[in-house]
Amino acid sequence: MNKKPYYITTAIAYTSRKPHIGNSYEIVLTDAIARYKRMRGYDVFFQTGTDEHGQKIEKYAESEGVTPKEYVDKVCGEIKDICDALHISYDKFIRTTDADHEAVVQKIFKKLYDQGDIYKSTYEGMYCTPCESFLTESQLVDGKCPDCGTPVQKTQEEAYFLRLSKYQKQLENYIEQNPDFIYPESRKKEMLNNFIKPGLQDLCVSRSSFKWGVPVSFDDKHVIYVWIDALSNYITGLGYDPDGNHGELYKKYWPADAHIIGKDIVRFHTIYWPIILMALGEPLPKQVYGHPWLLFGEDKMSKSKGNVIYADDLIKLFGVDAVRYYLLSEMPFANDGSITFEAMIERFNSDLANTLGNLVNRTIAMNNKYFGGIVQSPTAKTDLDKELEAFCFETMAKVEKNIDTFHMSDCLEAVINLAKRCNKYIDETTPWALAKNEEDKERLGTVLYNLLESIRFIAVLLTPFMPDTAKAIFAQMNCDIDTYESLDSFGKLKAGTKLSEATPLFVRVDAEKMFAEIEAARMEAQKTSKSMEEVNEETEKKPLYEGIAQIGIEDFGKVDLRVAQIVECEPVKKAKKLLKLTLNDGEKERTVASGIAQYYKPEELKGHKVILVQNLKPATLCGVESNGMILAADTNGTVKVIFVDGMDNGAKVR
């Protein structure tokens, strides 16, 4: 029997720097879908990879004194390491510097040029280097890039253009005739109403101002721009050939079943990419899902903001499956998700340690205690037993429904709810009470069998999301009945099976201890970091001091410095390094959390006047909402708060 092919991709990661946890969400999401489809009998091809060309890469490499290829090799290695750490089951990892990819991209460009879909002209307008995007005046926000907020540069250069306008009506008709092509619905409306219907402008698809790219085969002054180079990876990775001599993978898997991408690049994948395919005469992907972002608290992650978290660091703290679980369970379907260490600890302890881990551990432990680890044969079912069995099938149906529409958090919520129902079943049946009476032993065996079989359902359903956890559960149950097909009936677990030892799947996290570890790691990273050049990475002029970006007087004027008096001071219970300060800023009292507990006792600070950064955005630190920051000097690891006793509260520091 031939399996139905299923082709799924992520957007390829840009090799400008190591990806943070927000970038890693996409690869985990796609991996869960790919694993699920394999379980359901599909012949899956899962492709991911790296986008390695462009002016930004060229500048990064120059700043580090290496070649662009050396630079992208290093970052690509970091990206692959993160994929491996997250146990990503990709079938192909493509690099846009692969020789076969570059050769096909050149052929695609030449074909589009020969048939008149690409033409040479001159580009004059605004350019954003970080986003590598050309922008019109109307697209700018306060004269800056609408996507990253970076100042744009006025640019004029000779370039080749793709005739988007030629295919506008064809694309519009396709989207309206294929309602699931752009998903979710909100992204489709945005593309149609904001970009396509107002009129498409032809797209710049080559650059002549830098060299790090795929050369245009018939014009060596130009390199092929990112849109054709990077987007074409979805077909070059399968062996597409513009001359029609396609490889077997392309014949088998194209068109893609799903492109999984971030919401910020939906426009490129639902306008530029479809038009390239239309011009090539190739079918369009069946669906493009633009997922939301994972934010740090309420902010987009950025190295310049100092709020970046990396997947490998989280894995060291929580384990790989806990990280996968958090990413998939915390991200809403259409709205941005959030990650903080506090939230992750809470989710880990409540869902994984208390609910799931406790269920598996005590069920196996009870069976080992009461029956020597031997699974008993169930007897007649009570209404309570039937209800638990029905809950298992309801959970399976919810997972099937939600995973096909990319509602991952709903899938995992359903599985955790099944674990909660099992825990409730334990409370309702009271196995420890049944064990006291010999005449209840048969009923006790049935109760534990129902729990073990329900746990088997949980393990199967968790496999795409938390594969290592599922394996650990099956190992403790000494069970190999782990296929999705085995969930067609309740009762597949074999009586007489000898369970293994009960071992905790997840051990509760001590929040205070973990925060201490995080703070220690942060301090170490600060000591070893080379510079903060990335804060102002696109500035052409070198900073006055290495690692510090120069600012103008208007930037300094944005910081509101005031004299404030410390009226109360106390330790923060959850963090050994934080003090909770109550400050009088001349108008009102405010709370500030400051990491100076190892340098000052509360009584040494109370009554002193300090310099307060008054207009700093509020942040929650270990449960304390901090409204500002006090200034201190740091010399060789010794911190001294700057006191300004004798000044009036609220006095402005200039």
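## Report on a predicted single-chain model

The chain has 21 helices and 25 strands. The structure is a predicted model, with a mean pLDDT of 89 over the chain. Of its residues, 91% reach a pLDDT of 70 or more. Over residues 529–549, by contrast, the pLDDT is below 50. That stretch nevertheless has 23 contacts in the model beyond near neighbours in sequence.

### Overall dimensions and burial

The C-alpha trace spans about 90 × 80 × 40 Å along the principal axes of the chain. The chain contains 654 residues, and 50% of them are buried. Among contacts with a separation of 6 or more, 74% are between residues 24 or more positions apart.

### Helix 10 and its packing against helix 5

Helix 10 comprises residues 266–280, 15 residues in total. From its first C-alpha to its last, helix 10 reaches 21 Å, close to the 21 Å expected at 1.5 Å a residue. Helix 10 is mostly covered, with 15 of its 15 residues buried. Gly281 follows helix 10 and has a positive phi, near 80 degrees.

Two packed helices are described by the angle between their axes and the distance between the axes. The axis of helix 5 (residues 168–177) comes within 10 Å of that of helix 10, and the two cross at roughly 110 degrees. Angles of 65 to 115 degrees count as roughly perpendicular, and helix 5 and helix 10 are therefore roughly perpendicular to each other. Helix 5 contributes Gln170, Leu171, Tyr174 and Ile175 to the contact, while helix 10 contributes Thr270, Ile271, Pro274, Ile275 and Met278. The residues of this contact divide into 7 nonpolar, 2 polar and no charged.

### Individual buried residues

Three buried residues, each placed in a helix or strand, are set out below.

| Residue | Element | Relative accessible area |
|---|---|---|
| Thr9 | strand 1 (residues 5–10) | 0% |
| His269 | helix 10 | 4% |
| Leu578 | strand 18 (residues 575–584) | 13% |

Because its relative accessible area is 0%, Thr9 is classed as buried. Leaving aside neighbours within four places in sequence, Thr9 is in contact with Thr30, Gln47, Tyr234, Ala258, His259 and Ile260.

His269, which lies in helix 10, is likewise buried, with a relative accessible area of 4%. Not counting residues up to four places away in sequence, His269 touches Leu231, Tyr234, Ile261, Pro274 and Val288. Tyr234 thus appears among the contacts of Thr9 and among those of His269. Pro274, touched by His269, is also one of the helix 10 residues in the contact with helix 5. His269 and Asp404 are 135 residues apart in sequence, and their C-alpha atoms are 20 Å apart in space.

Leu578 belongs to strand 18 and is buried at a relative accessible area of 13%. Its separation from Val592 is 14 residues in sequence and 9.8 Å in space, C-alpha to C-alpha.

### Helix 18

Helix 18 covers residues 467–477, and its buried residues include Pro467, Thr469, Ala470, Ile473, Phe474, Gln476 and Met477. An α-helix has 3.6 residues a turn, so residues three or four places apart point the same way. The cover over the buried residues of helix 18 includes helix 1 (21–39), helix 12 (320–330), helix 13 (341–371) and helix 17 (441–462). Asn478 follows helix 18, and its phi is positive, near 55 degrees.

Methods
Residues are numbered from 1 along each chain as its sequence is written. This is a predicted model: local features need pLDDT of at least 70, side-chain atom pairs count only at pLDDT 80 or more; totals for chains, interfaces and linings use all residues. Side-chain values use heavy atoms; hydrogens and water are left out. pLDDT is the predictor's confidence in each residue, from 0 to 100. Contact means heavy atoms within 4.5 Å. The expected span of a helix is 1.5 Å times one less than its number of residues. Buried means under 20% relative accessible area, exposed over 50%, partly exposed in between (1.4 Å probe, protein chains only). Axes are lines fitted to C-alpha atoms, for helices over the stretch in contact, and angles run from 0 to 180 degrees between N-to-C directions. Angles under 35 degrees count as roughly parallel, over 145 as roughly antiparallel, 65 to 115 as roughly perpendicular and the rest as oblique. Ala, Val, Leu, Ile, Met, Phe, Trp, Tyr, Cys and Pro count as nonpolar, Asp, Glu, Lys and Arg as charged, and the others, Gly among them, as polar.
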